[in-house]
Each structure stands twice: as structure tokens, then as C-alpha cells.
Amino acid sequence: MSEQLTPLHGNHACALGAIAAGCRFFGGYPITPSSEIAERMSRELPKVGGVFIQMEDEIASMAAIIGASMGGTRSMTATSGPGFSLMQENLGYAAIAEVPCVIINVMRGGPSTGMPTRPAQGDILQARWGTHGDHPIIVLTPASVQEVYDETIRAFELAEKLRVPVVVMYDQIIAHLLEGVKMRDADAPLVERKWAGSEADYKPFATGDDLVPAMARPGDGHRVHTTGLTHNEAGFPTQHPETVDRVTRRLLDKLDRHRAEIEKFEAVDTDDADILVVTFGISARAARRAVRIARAEGIKAGLFRPLTMWPFPEEALRAAAKGAKAVLVPEMNAGQLSWQLERVLRDGTPIVSQGKIDGQPITPDEIVARLREIRGS
Amino acid sequence: MNEVATVAGAETGPFEIRDYLRLELMPHFMCPGCGHGIALRALLWAVHELGIEKDKLAVVSGIGCSGRVGAYIDANTFHTTHGRPLAFATGLKLARPDLTVVVISGDGDSLAIGGNHLIHACRRNLDMTLLMLNNEVYGMTGGQVSPTTSEHRLTTTTPTGNVEPVFDACRLAAASGASFVGREVTLQAPALKNLVKKAIAHNGFSFVEVMSDCTEIYGRKNDLGESPEMILSQKADMRPEAFGNVADQPFRPHRLATGVFAELDRPEYGAVYRAQPAFRKG
Amino acid sequence: MTADTSLDEPAEATREASRADRPTNILIVGVGGQGVIMISKVLALLSQMHGAEVKQSEVHGMAKRGGVVFSHVRYGKKVWSPTIAKGEADVLIALEWAEGLRWLDFLRPGTGVFVSDTRKIVPPFACRNRKFGADRAYAKETPAEIVSRVGNGYVLDATGAAEDLGNTRAANTVLLGALSTTLEFPAEEWENVIDQFVPKGTQEVNREAFRYGRDWVEKARRDPAFGLSDANAYEAPVLLPGEVDVELEINETWCKGCDICVKLCPERCLALSEKHKATLKNPAACTGCRVCEWLCPDFAIRVKRTAAAEAAE
């Protein structure tokens, strides 16, 4: 195994991670600051016998990757804010039809066209609830180029294993950051989707204890119907209340059942922390340094950083926040994560939101200043 | 390249539609006299005569009455989102060139919400067939105006009559570069079957417009009679005439031409993509 | 005739014309789309290449509708009239059997050569009774009768031969092959000229078709029995009205009573029951045409025919 690091931009690391994870189809539409992913994929995919296509818009891109995945190919798209908004309808389709796929959202300032070349972290609630109705989704939030590479691979593994759309979200800074990346071995084993066998009584949406149905590959003889309508275990539309409740709850329970392998987080100095800093992505890099500075000043600060944003690692956060007298949430939005923490930490611990929405990254000094303020109060 | 099992003169035996239906779902949900059923029969008949294996047939549909048609076919069927079936099918066909991909869509699905996907699918020329069932109305949602609703016709959103010009879908498809374009009425069922057959066998993007009838909603609202009368009047409106210059007549004239309007030998997208030097086969 | 032509074959059709120093008259008949005009063009070019004057006259107005198409080709030292008078055609070449018979009296008595496809295209108006398999008003004369009536007759299943070669549309070239044995032009010239008039990519199959036609005539000349071997190969059995067995299977669960089959049945033999389901009220009138089956949006009707009836189709 090579320990050598390859210098890569975040977006290139994402593309190479996807290739390493077995991605063989990319459908996308150019949008700053994600376009380098599409550009790299257009060069890499033919080399491995995969297909790249630039679709007519993000709606079509999302549809195309679902189509490819239904055909049995690992597939991905990449976009940013406005494009992510356009993908929401078909994201819901992937969720209900349980089609594995990976969506990269390189966040930029919003709303609307916002600031295409400036970073932001304002899509975390959209990523969870952007498409209508109750649905399962996994959202991963890497904070370094290495993590972009690794989490993109993990996104494919989770998507394939659990038959769920997985969103990988980072921001413009990480996208264009050059860092050394330890690449995976080319012959590393891939996680395979659970495929239907030749069973005579096969039902496309019936599951065992793992709540993940085996997927029929077109051409394997099962001739299955796939629909975005609420469907029974046989795959056909239904409005029968008991069936609808059963199949929809199974869809939501599916991720709960696998929480342990989905959830990923980093906890630094949380055991004795008076003030817990909770943040993710690029802001977590500033927070990590801020915590060190604060500790040197005698402020007992700790850092909790979710790498899995959804489903949120709730138990882990509660454990990390156990002794904390306050929680500080620096994030590049107007308080989306802190809003979420208010739901998770219902023990009265004060939650201080440090939302920044000026298109500039949060600096360690800014976080240290807030930590000092909190200690003073 | 498409490996449709279309051996010339293949002996496929007499056509029995029950062999191609999901019998457990029959009778289907369509209203009495809905032309979509006739179109579905023509499609399955064509599939049978082409000798396409059901396992290798993928039917992708959108939303609306047309979108629900696919579910009755005993094949790999994908009921996708409104207006997007062509985009889904694009991904599916590129990932699985071994499948014969047929998209069933409606006039609203193809021309309004899915208009962008339609023109680009025509331009790209990926090997698949779009069957656009044109009943001139949004039937599933209760009869609203569509891009093909004839002028002056009443719908629930044109209470005093439609004032918008009518898309000529075949001209749109031809102008966008579809390498096979044709139109037929349901009354001419064997001709429709033959048209669909040609379209599926064509290597490239095929656009087939089927003039269907919506009796329950559109026909009733506009006093067009029951389905037999509607089907016959469609025929009376048809003229197997020259297609003419697209630019001469961007909107649909009262008299519709039927037949094959374009049959071009253009490079097929998937084959071109896979032929690039960098592409690793196998 | 021009003196420099090589008479590599009997050239039976032109022998007499040559002797009398008058133009050779060839009448080509068929229905739309079969290639009558193509044969005329080949003949015209060939004879021009040999220094002859050519006049050609045609009717092809109904070509697309399967209507009658005919073409007169006259070539020789000097040609005045562009049309051939009754009884003066040296060759009558028919791409459809009944069309051949229709023009038979244009053939020169005694010496005229009749070249015809034995396949029949039965027009709808030839059916006096729409009952499936019922008797038709189509020419009853057998190929053997016709051959015995003309100077020389070559009746072959050109369409079937072309089908076997892989392209039905080459049937006219099969007949050209047969025709070529009766005229004075050398085989390779025929082939070169045909090459120019057939669509790109079909040259090979047309050459094969041409040679098939030539070989067929040579065999027929040696063996008269072979000459009649194609005569009845494709004669459809004719069933009388009483012998036709058609059954309509109507699935009441699927039928939604939309009335399409009732109103669009050409014989009006269906009706809706009190329960608004399709029923066959007049089975004797049913011709088994399948229109109801094709147009039923609910797939509720299945037309079943007996084995004999299916064979007739």
C-alpha cells in the first residue's frame, strides 16, 4: 500500500473518489463551484468504460443518474445551490424508489444565484427536507480534501448498501483547496448492491430484518415495476392506509436500523469541556484551532464535528455535550445547525448560534472571541 | 449499439396481447374508450413482431394518464416524474445499451414540463423510442389546457376557449433533430403498429406521436361525441400529405399529416460515445 | 435493329421484329410501387446504348395507392408512335398476375412473349363478400392456361424468389432477368445498367435476382414442367362463406362498454348488452376482420379463427 500523498483539489479528489468507488455514470450540468467534478469525470469515466453525459439541466442530470442506477450502474451527479434546488423532485424519487445514487453539493452563498464564487454552508436543512414528504436521506459533510475523497467513497458504499440517495456536501473553499490525499488501492473491494437472485416469489420491495430490499436488475428476468407513487411490496401503486403506513415507515426505519454504520463524527476534548463547539465542514477547521487557542487560555472548550449530518448523530452529540455549560455553533448560515441542536439537546444547555452569512469563512479568532464572551457571561 | 432481436422475417407467431400484460393488474385504470389502450396494444404488437424479449424491454414513462400506461406491460417498467422520463431513459440507455428503451409520455409531459428534455433527446440521438400519446389535454388532473389543445376548445382552465396556438409536436421533434419522426391515429391500428415497429427498429432517437382520444373529459367538455365519434373525427382531420418545410408552419394546422416524416441515418449517441479513443471497452 | 448487337440468346421476342425491320414493343404492367418504371428505364437506356431510338409512355398516377401502372417501351431504328397498339406487343411483362391478364390482348398473337409474376395482389374491390375467406372476383385463369395461349410464357414466382434472396423489392429484377433472355442485349450490359437504377447497397441482391430470372427461363426452356412449377405455389385456398369459422371471445370483466367495437365494426355485428358489455349480436355477419380486436382499448375482444381460416390468411 502506498503511503504517498497525491496533491489534489477538493473537486478532483471527489471525482477520483467516485471512480475508486466504482462510479461508472455521471450526469451533470455546469455550475460554479462544482464544475471541476464534471470536468474531471468527463476525462476519467471513458478510461474505465464508464459514461459521462452533460445533460440539459440539473433536473435531467438527477433523472439520468437515477436511470443509470436503475440499470445497475453506480452513478453520481455534482452541483451547487440552485442546481441542488432543481434536483429536489427527483431526489425524492430516488428516496421512495430506493435507487442508490450520490449527489455532490458544493455549497455557495444563497439564496437564489447568491454568490457563486463564495463559500457557504446554508443547504443543510434543504439537504434534509428539500424534497417534499417524509423520506430517508443520508448527508455527509467532509472538511478536508482527504475527507472529500474518503466520504465520496463512503457515500457510494452507503448508497449501494442501503439503496438510498446520499448527498455529499462541502463548500467552495474545500472544493478549490489543494491538499495531499492518500489514495485508495485500485483493487480495494467495492460494496455491492443487494441484487435479486432467481427466487420465484421475489417481491421488489419486500425486505428482511435489514429493511433493505434486494434490487432487480433489468434483464435478470424479474421484470419489475418501479414507481414514484407510494407502492406496496410488489412495487405497484397503493393507497391502502395500512400498506401505505407500513411501507413508508419501513423506508424511514431503514436508516435508523443502520445508524451505527451511517453515523460518523469527530469529538475533540469533549470529556471535560465546559463549552462545546459544534460545527462541520470548513468551519470545523477554524473551530479546531479555536479550541486549541481557548484551551491554552484556560477555557475548557471541546469540538464536536458531525461527518454525517443526516441522520444526525444525536446520541453522540448528547454524550459529548453532557458536562457542557454552553454550546457554541459557528456555521456559515443564519443558524441552521443550532436550530437542529435545539431539538437534539433538550436539557436546557444554552445554545449560542454564531451564524456568518457574509460570504467570508469564519476565522479561529472569531470563534475564540465568542468563547471568551461565553466564559465571561 | 442496439442489439434488438429483430431478425428480418423472424417467426414470432400470432400476437397474443395477454402474453405481454401484467394480468394481475387488469382491467386497466383507463376510462372507457381511452385511446391510450389502443396505443398500448399497438406498442405491444410491435414489440411482439420485432421479437424483443420482455426481459430486455425497458418502458419508461412520466406522469399523467400516459404515465400510468406502462405499469400494465410485463417488462422492466419505470414510472418516473412529470416530464422527465426522457432524462431517466437517457441514463438507463447509456448504462444499459443492451436494453430496448421505449418512453411513453403525454402531450403535457413531453411538450410542456418536459419540453427541454424532448428537444435535447432529439438532438442527442440516443437510441430509444418516444411514444407521445397526444390526447390534447391534461386528463389525470381533470382536463386543463395543454400545449396541443386545439384552438377555441374548452378546458377547465380555458373556460371561454383556448386562445394559445397548438404545438405541432412532429415538427418540433424534426426541427430538434430527431432521426425518426412519425405520426398516426389510433383508428389505423395496424398502421400504428407498423410505425412503432419502424421507430423501435430505427437506430437513433425515434419520435412517434399517437393521436389519442380523451372521451371522458375532453370529449365531453367539447361535445365531441363518444369515443367512436372522436376516433373517426381524428381520422377525418388527418391527411397523409407532404410534411413541408418546418419553418412554413410552426404550429399545428387543422389538417394533420400522418406517416413517417423523417428517417435519417445519423450517428447514434451511445455508439459515438463508446467509439472515442479514450474509451475502455469490456 | 442495329447490326452490331450480339445475339447471345434466342432473342425470340425480337426475331420477328428484326426481320420485319420494325420497332420492338415491350409493355410493362403492374401496380404501384412494384418497379414498372424502373424496368422501363433499364430498357430505354439499354436500347439507346445500342443506337436505337426509344419512345416510352407511362401511366403511374395512382402508384402510391396500389393503383394500376403501365408503361409502353418501343425501340428500333425509327419509332413514330409512343404507344403500342393491341396485338402488337412483342413482350408483355407483368409484375402482378391479374394485371398481366388484363393486358393480354395487347400481346402479338402467336409470337408474343408473356413474362409474369404469379403472385396475386387482391384489391379490396375484388371481394364481393367481406366474409373472411369468401370467394373473390379475382381472375380465375390458371398460369398453365395462359402459357398455352401465348407464343411463349414464363410465369414464375418472382416475389417469392426475391424474398428468398433477402429483398422482396428485387422481384422486378427477377423478371428483368427473365425478360433479358428474350431480347438481344448481352447479360453483362443488363447487369451494368440495372446497377445504375437500383438503390445503393442493393446492387448485389439485384444482380443475384437478375441471374435467378435468367437461370429460371433457361431451365423452363429445357423442362416445360419446371416452367409451371411456380404456378400454384401461392394460391390461397378459397373458403366458401359457410366454411369460415370465426369466434369472438369477449372478456366482460375487462370490457368497459365504450362502444368503439359496436360503432366501428364494418358489419355492425356487435352490440352493447343491458349491462353495457360488448356482445356479438349477429355472428353470421362477422367476417373476422379483427377491427374490434385492434381498436378495443381494454383488450377485451379476441378474434379466434379456425385452423382452416388461419391457413387461408
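Start with what the buried face of α5(B) packs against: α3 (58-70) of chain A, plus a set of elements from chain B itself, namely α3, α4 (107-112), α6 (169-176), β8 (205-211) and α10 (269-274). The residues doing this are B:His117, B:Leu118, B:His120, B:Ala121, B:Cys122 and B:Arg124, which are the buried residues of α5(B). Keep in mind as you look around that this is a predicted model. Just past the end of α5(B) sits B:Asn125, and its phi is positive, near 65°.

That contact with chain A is a good way into the A–B interface. Here 36 residues of chain B are in contact with 38 residues of chain A. On the chain B side, β2 (76-79), α3 (85-95) and α5 (115-124) each put in at least two residues. Which of the elements gives the largest share of this side? That's α3(B), with eight residues. Sorted by class, the side of chain B that touches chain A comes out as 15 nonpolar, twelve polar and nine charged residues.

How do the three chains hang together? Two pairs of chains touch, and the pair with the most contacts is A and B. Chains A and C, on the other hand, do not touch, and their nearest C-alpha atoms are 19 Å apart. Chain C does meet chain B: 14 residues of chain C are in contact with 19 residues of chain B. On the chain C side, α10 (260-264) and α11 (291-295) each supply at least two residues. The largest share comes from α10(C), with three residues. By class, you get eight nonpolar, two polar and four charged residues on the side of chain C that touches chain B.

Now zoom in on chain C for a helix pair. Helix α5 (residues 158-165) and helix α6 (residues 171-180) of chain C have axes that come within 8 Å and cross at roughly 115°. The crossing of α5(C) and α6(C) is right-handed. From α5(C), the contact uses C:Ala158, C:Thr159, C:Ala161 and C:Ala162, while α6(C) brings C:Ala171, C:Val174 and C:Leu175. That makes six nonpolar residues and one polar, with no charged ones.

Over in chain A, the overall picture first. Chain A has 13 helices and 16 strands, and its C-alpha trace spans about 70 × 50 × 45 Å along the principal axes. Is the radius of gyration what you'd get for a compact globule, or not what you'd get? For 377 residues, a compact globule would have a value near 21 Å, and chain A has 21 Å, so the two agree. Buried residues make up 52% of the 377 residues in chain A. Of the contacts in chain A with a separation of 6 or more, 75% link residues 24 or more positions apart.

Chain A has a helix pair worth a look as well. The axes of α1 (residues 10-20) and α2 (residues 35-47) of chain A come within 8 Å and cross at roughly 40°. Helices α1(A) and α2(A) are therefore oblique to each other, and their crossing is right-handed. On one side of the contact are A:Asn11, A:His12, A:Cys14, A:Ala15 and A:Ile19 of α1(A); on the other are A:Glu36, A:Ile37, A:Arg40, A:Met41 and A:Glu44 of α2(A). By class, this contact has five nonpolar, two polar and three charged residues.

Methods:
Residues are numbered from 1 along each chain as its sequence is written. Chains are lettered from A and ligands numbered from 1 in the order in which they are written. This is a predicted model: local features need pLDDT of at least 70, side-chain atom pairs count only at pLDDT 80 or more; totals for chains, interfaces and linings use all residues. Two residues are in contact if their C-beta atoms, placed from the backbone, lie within 7 Å. Helices (H or I, at least four residues) and strands (E, at least two) are DSSP runs, numbered from the N terminus. Ala, Val, Leu, Ile, Met, Phe, Trp, Tyr, Cys and Pro count as nonpolar, Asp, Glu, Lys and Arg as charged, and the others, Gly among them, as polar. The radius of gyration is taken over C-alpha atoms; the globule rule is 2.2 Å times the number of residues to the power 0.38. A residue is buried if 20 or more other C-beta atoms lie within 10 Å of its own, exposed if 12 or fewer, and partly exposed in between; C-beta atoms are placed from the backbone. Axes are lines fitted to C-alpha atoms, for helices over the stretch in contact, and angles run from 0 to 180 degrees between N-to-C directions. Angles under 35 degrees count as roughly parallel, over 145 as roughly antiparallel, 65 to 115 as roughly perpendicular and the rest as oblique. A crossing is left-handed if the near helix is turned anticlockwise from the far one by less than a right angle, and right-handed if clockwise.
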